[in-house]
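Subject: Structure handover and notes

Hello,

Here is the structure I promised to pass on. Please open it alongside this note. My findings follow below.

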Amino acid sequence: MQLNATEAPPARGVWSLLSSAPLVCYVILVLVGILGNTVVICVVGDDIIRKQKVRRNSDMILVNMAFSNLTVSIVRNLLLVLTDMQIEMLTSKTWCQVLMGIWVWLRCANVWSTFFVSAFHFQTLRRTAPPTAGVRGPPRSLIMGFGLIWTLNFIYSVPAFVFSTKGGKNATETLMLVSSTTRPLLGCLWDFPSVYSGLAFATASMVIHEIIPIVLMSVTNLGSLLTLYAHGSKLHATNKSQQDPTMNRVPAERRAAKVILALIILFITSWGASVVSVNYFNYNRGPSSAYMLTVARFSNSAFIALSPFILAVGHRRLRAVLTSVLTCNCTRSVKA
């Protein structure tokens with residue numbers, strides 16, 4: 001890849017062109033993502049620890065997704081904020097290889113952790129009836145799922161540890177991936193042996209970590225909604241005059257399916273906008289590249305920042321904590 005271009009990085013140019021307003025908005029978005037996912041981990045994680053004998057597997061999956069969101073915010077998005085504030089952080093080629101590898105690993109794990117929420121709910125509903133309570137301890141399938149997500153994505157990130165380097169002051173990004181960064185962060189750039197090998201890796205990344213997860217999320221969530229509709233109709237027809245315990249569980253599972261649907265819609269919207277923007281830069285390189293990369297910048301953080309609020313709508317404990325916090329703040333404001 002060419003590392004000696006003389007023009008300014010496109011994303012940084014449009015960032016300064018639009019004054020400080022985008023930076024302020026982006027800082028707020030990143031901070032909301034960090035605080036929101038920290039609350040999810042603390043509240044839901046505390047609930048898991050307190051109920052060790054009866055653990056809800058869905059809560060463990062939510063904590064895993066929130067953890068992946070939090071790590072991406074701290075390790076990547078927070079660094080973007082610091083560099084935009086003109087805080088210089090020196091990096092060597094070795095540190096660039098480490099950071100690029102970590103960014104790709106965490107971002108890809110974040111995608112599949114989000115898919116795991118929908119896949120687990122669909123698998124649960126495929127049983128004879130929705131479960132009425134958590135099981136004693138996490139099942140092996142759940143532990144294996146977590147292990148596969150983090151292990152396979154780490155293996156996939158190995159090229160980032162190898163084909164990345166430290167660019168010069170005037171170096172520009174000639175290839176970008178949604179799974180890493182949307183501009184030369186800390187001067188770290190991709191350094192593939194040839195342009196064709198770089199585009200091949202970018203294309204494989206787009207298919208494996210962008211298109212396939214979105215399709216699988218949509219299919220599993222649609223399957224969950226159809227399963228719930230069929231199950232509810234069957235129970236209503238066969239047990240119309242009876243009190244069946246599974247009938248009481250269906251409305252709760254429907255609410256869960258709707259929350260997951262909202263998460264998927266938010267994910268597809270934010271991730272899709274980022275995919276379109278970054279690949280416009282990679283394969284078109286038109287005059288709107290700088291503005292498209294700014295859109296990608298916000299899109300990459302939108303899901304991380306907003307997903308905790310969607311989870312709070314469907315999670316009783318999170319909703320209670322959020323309500324109590326808002327109530328306390330409103331009371332203090334009135335007294336003041």
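Leaving aside neighbours within four places in sequence, which residues is S157 in contact with? Beyond that window, S157 is in contact with G101, V104 and W105. S157 itself lies in the loop between α5 and α6, the latter covering residues 158–162. With a relative accessibility of 0%, S157 counts as buried.

One caution before the rest. This is a predicted model.

**Confidence**

The mean pLDDT of the protein chain is 75. A score of at least 70 is reached by 71% of the residues. Helix α5 has the highest confidence, with a mean of 90. Helix α1 (residues 10–17) has the lowest, with a mean of 45. Two stretches deserve care. Residues 1–18 have a pLDDT below 50, and this stretch makes 43 contacts in the model beyond near neighbours in sequence. Residues 128–135 also fall below 50, with 17 contacts in the model counted beyond near neighbours.

**Overall make-up**

The protein chain has 10 helices and 2 strands. Along the sequence the order is α-α-α-α-α-α-β-β-α-α-α-α. The chain has 336 residues, and 50% of them are buried. Take the contacts in the chain with a separation of 6 or more: 83% of them join residues 24 or more positions apart. The exposed surface of the chain is about 16,800 Å². Carbon and sulfur atoms supply 68% of that surface.

**Cores**

The largest nonpolar core has 40 residues. Within this core, I61, L142, F267, L311 and L318 have the most contacts. Seen by element, two or more residues each come from α2 (21–50), α3 (57–84), α4 (93–125), α5 (140–156), α7 (195–238), α8 (245–283) and α9 (289–314). Helix α4 gives the most, with 9 residues.

L311 is a good place to look. Not counting residues up to four places away in sequence, L311 touches V40, L62, M65, L263 and L318. There is also a second, separate core of 23 residues. Among its members are L79, L99, Y156 and A160.

**The disulfide**

How many disulfides does the count come to? The count comes to 1. The pair is C96 and C188, with sulfur atoms 2.2 Å apart. The torsion about their S-S bond is about -80°, so the disulfide is left-handed. C96 belongs to helix α4 and C188 to strand β2 (residues 188–190), so the bond ties together parts that are 92 residues apart in sequence. Both cysteines, C96 and C188, are buried. Another cysteine, C25, has 44% relative accessibility and counts as partly exposed.

**Helix α9**

Two alanines in this helix are worth a look. A302 lies in α9. A302 is buried, at 17% relative accessible area. Its C-alpha is 8.7 Å from that of W271, and the two residues are 31 apart in sequence. Leaving aside neighbours within four places in sequence, A302 is in contact with L29 and S270.

A312 also lies in α9. Is A312 buried or exposed? A312 is buried, with a relative accessible area of 7%. A312 and V259 are 53 residues apart in sequence, yet their C-alpha atoms are 9.3 Å apart in space. Not counting residues up to four places away in sequence, A312 touches L318, R319 and L322.

**T71 in α3**

T71 is found in helix α3. Its relative accessible area is 15%; T71 is therefore buried, the cut-off being under 20%. What does the side chain of T71 reach? The side chain of T71 reaches the backbone oxygen of S68, at 2.9 Å. Outside its neighbours within four places in sequence, T71 is in contact with R76 and L106.

**Where to start**

I would open the view at the C96 and C188 disulfide. Then go to L311, one of the residues with the most contacts inside the largest nonpolar core. Finish with residues 1–18 and keep their pLDDT below 50 in mind.

Best wishes

Terms used:
Residues are numbered from 1 along each chain as its sequence is written. This is a predicted model: local features need pLDDT of at least 70, side-chain atom pairs count only at pLDDT 80 or more; totals for chains, interfaces and linings use all residues. Side-chain values use heavy atoms; hydrogens and water are left out. A nonpolar core is a set of buried Ala, Val, Leu, Ile, Met, Phe, Trp, Tyr and Cys residues joined through side-chain atoms within 4.5 Å. Buried means under 20% relative accessible area, exposed over 50%, partly exposed in between (1.4 Å probe, protein chains only). Helices (H or I, at least four residues) and strands (E, at least two) are DSSP runs, numbered from the N terminus. Contact means heavy atoms within 4.5 Å. A disulfide is a pair of cysteine sulfur atoms within 2.5 Å. A polar contact is a pair of N or O atoms within 3.5 Å; within protein, one must be able to donate a hydrogen and the other to accept it, and residues adjacent in sequence count only if both atoms are side-chain atoms. pLDDT is the predictor's confidence in each residue, from 0 to 100. Accessible areas come from the Shrake-Rupley method with a 1.4 Å probe; for residues, only the protein chains shown count as cover.
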